[in-house]
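Reader: I've got this one open at the bench and I'd like a close look at a single part. Could you take me through the packing inside, and tell me what goes on there?

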Amino acid sequence: MASSFHWEADSSHCKNHDPQLSVGQKVLSELSAVTVPAPVIDRGVAFSVYSDGIFRGRGYYQLTKQLQKKPSNYHIPVLLQEVLFWIFVDPKGTYLDCTLGGGAHAEAILRRLTPTGLLLGMDLDEEAIDQAGSHLAGFRSRLRLKCDNFSDLGEFLREQGVEKVDGILMDLGISSHQIDAAYRGFSFMQEGRLDMRFGHGQVLDAIRVVNEYSEEELARIMFEYGEERQARVIARRIVQARKKARIESTKALAAIVEERVNPRYLNKSLARIFQAIRIEVNAELQHLQTALAEALDHLKPSGRLAVISYHSLEDRMVKQFFKANAGRCVCPPELPVCTCNQSGKLKILTRKPVRPEQDEIARNPRSRSAKLRVAERI
Ligand SMILES: C[S@@+](CC[C@H](N)C(=O)[O-])C[C@H]1O[C@@H](n2cnc3c(N)ncnc32)[C@H](O)[C@@H]1O
C-alpha cells in the first residue's frame, strides 16, 4: 500500500456524478475500513479508495492499471517553463489551474509557492482529479481540488472564499492518458467503446452523436469542428451504415471512414473526425467561451491568464477574446481626446503565440500543435 494513499470526499458534489455509478458506494463503504489515512484535499470533490493497491473510485471503473501509471506517463506537460515564466507573478499568490490533467503544471507552480500561497485545481475528468490528487498529495496544505467544468470556475472560487486570483492556466484539450486509454474511446488507433466524454457522468457520448444525429448535423460538426472536406460524404456513409447496426466502437467508425477516404489521407481524416466528435460531445468551444469570460472577472489587477490551445478553432477563440477585451482606442487619430471609451480589461502579453521549441517537440511530439497566449488583467 506504500504508494497507494488515497484522499476522499463525497462524490455526490461532483457535477459529473452519474447516479448509475453509485453502485460503487457499497464497495466504498465495505472498503473504508481498509483505506490508509489520506489527505483530504477538499470537501466534496471526488474520492478514491484503494484496497490492496486496486483502485475502486467512483462507480469503480476498473481502471487500475492506467491509474497506477507514473505521472510522467499520464501526461507530459507542454510549454512548462514558458507557462511558469508568464503566469507566476507572486510566490505568495493564488493560482487556478483549470485543467489539472496529471498535475504536472500544477506541481511546478506548487513547488514555487511559499506556504501562504494557494493552488486551486479543476478538471472535468474524475480520473485526472484522482491522479492529480495522488501526485500532489505532498502539497495538500496549499492545494484545493474540484472535479468540475472550468466554465464553472467562478463557483469554485466562491466556494473556496477566493474572490480573485493572480494567475489562471487553461491547458486545453485532452491528456495523453485520455488518448492512450482505449476504453475512453478518444483514439482511432485502438479498439474501444466510442465514448469520448471528459467526465464519466456526462449524458452525451460519441455513440449518441454518431448514431442519433442527423446526416446534416454530422456533416456540419465534421466540417466546422474538424475542417474535414469530405464531411458530407462521410456523414452519408455513417447514416447508411448505422441503419444496419449501431456504431459503438472506435474501430467500427474508423472502418466506415476508411471506405470513403484515400488511404494517403486516412490518418489525417480520422484525426479530424475524431476531434470534431470529441468537441461536440464535450461542448468544448461553448465551455471555453464561458470560461474565458469567467476568468476575466476573477483575475486581480496584473493577474495573468495563460491559455494553451491545440487546434485552430480554440486558438482563434482565445485570440479574439483577448483582442475584444484589450479595448484599444479606435478614435480617429486627429481627435484630441478619446471619445470611444474602449476601456480595456486585458493587456495582451504575447503578440504572437508562444510555440514549443524543436527540442520539446522532439521529446514530446504531442506538443507540436501547442500555442500559448497570455494576457494580463488591467
Ligand atoms: C492537456 S490536459 C492538461 C494537462 C495538465 N496541464 C498536466 O500538466 O498534466 C487537458 C485536461 O483538461 C481537461 N478538460 C478539458 N475540458 C475541460 C473542461 N471544460 N473543464 C475542466 N477540465 C477540462 C481534460 O479532462 C484534461 O485532463
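Author: Here is a walk through the packing, starting with the main core and ending with a pair of helices. Keep in mind that this is a predicted model.

Let's begin with the largest nonpolar core, which has 51 residues. Cys98, Leu119, Leu153, Ile168 and Ala306 are the ones that touch the most other members. As for where the core gets its residues, strand β7 (residues 299-309) gives the largest share, with five.

Zoom in on Leu153. Leaving out residues up to four places away in sequence, Leu153 touches Leu96, Cys98 and Met122, and also Ala291, Glu294, Ala295 and His298. Apart from the largest core there's another one, of 26 residues, and Leu194, Ala206, Leu253 and Ile277 are among them.

Ile277 also turns up where two helices meet. The axes of helix α10 (residues 215-226) and helix α13 (residues 266-281) come within 8 Å, crossing at roughly 100°. That angle falls between 65 and 115 degrees, so α10 and α13 count as roughly perpendicular to each other. On the α10 side, the contact is made by Ile221, Met222, Tyr225 and Gly226. On the α13 side, you'll find Arg272, Ile273, Gln275, Ala276, Ile277, Ile279 and Glu280. Sorted by class, that contact has seven nonpolar, two polar and two charged residues.

Definitions and conventions:
Residues are numbered from 1 along each chain as its sequence is written. This is a predicted model: local features need pLDDT of at least 70, side-chain atom pairs count only at pLDDT 80 or more; totals for chains, interfaces and linings use all residues. Axes are lines fitted to C-alpha atoms, for helices over the stretch in contact, and angles run from 0 to 180 degrees between N-to-C directions. Helices (H or I, at least four residues) and strands (E, at least two) are DSSP runs, numbered from the N terminus. Angles under 35 degrees count as roughly parallel, over 145 as roughly antiparallel, 65 to 115 as roughly perpendicular and the rest as oblique. Two residues are in contact if their C-beta atoms, placed from the backbone, lie within 7 Å. Ala, Val, Leu, Ile, Met, Phe, Trp, Tyr, Cys and Pro count as nonpolar, Asp, Glu, Lys and Arg as charged, and the others, Gly among them, as polar. A nonpolar core is a set of buried Ala, Val, Leu, Ile, Met, Phe, Trp, Tyr and Cys residues joined through C-beta atoms within 7 Å. A residue is buried if 20 or more other C-beta atoms lie within 10 Å of its own, exposed if 12 or fewer, and partly exposed in between; C-beta atoms are placed from the backbone.
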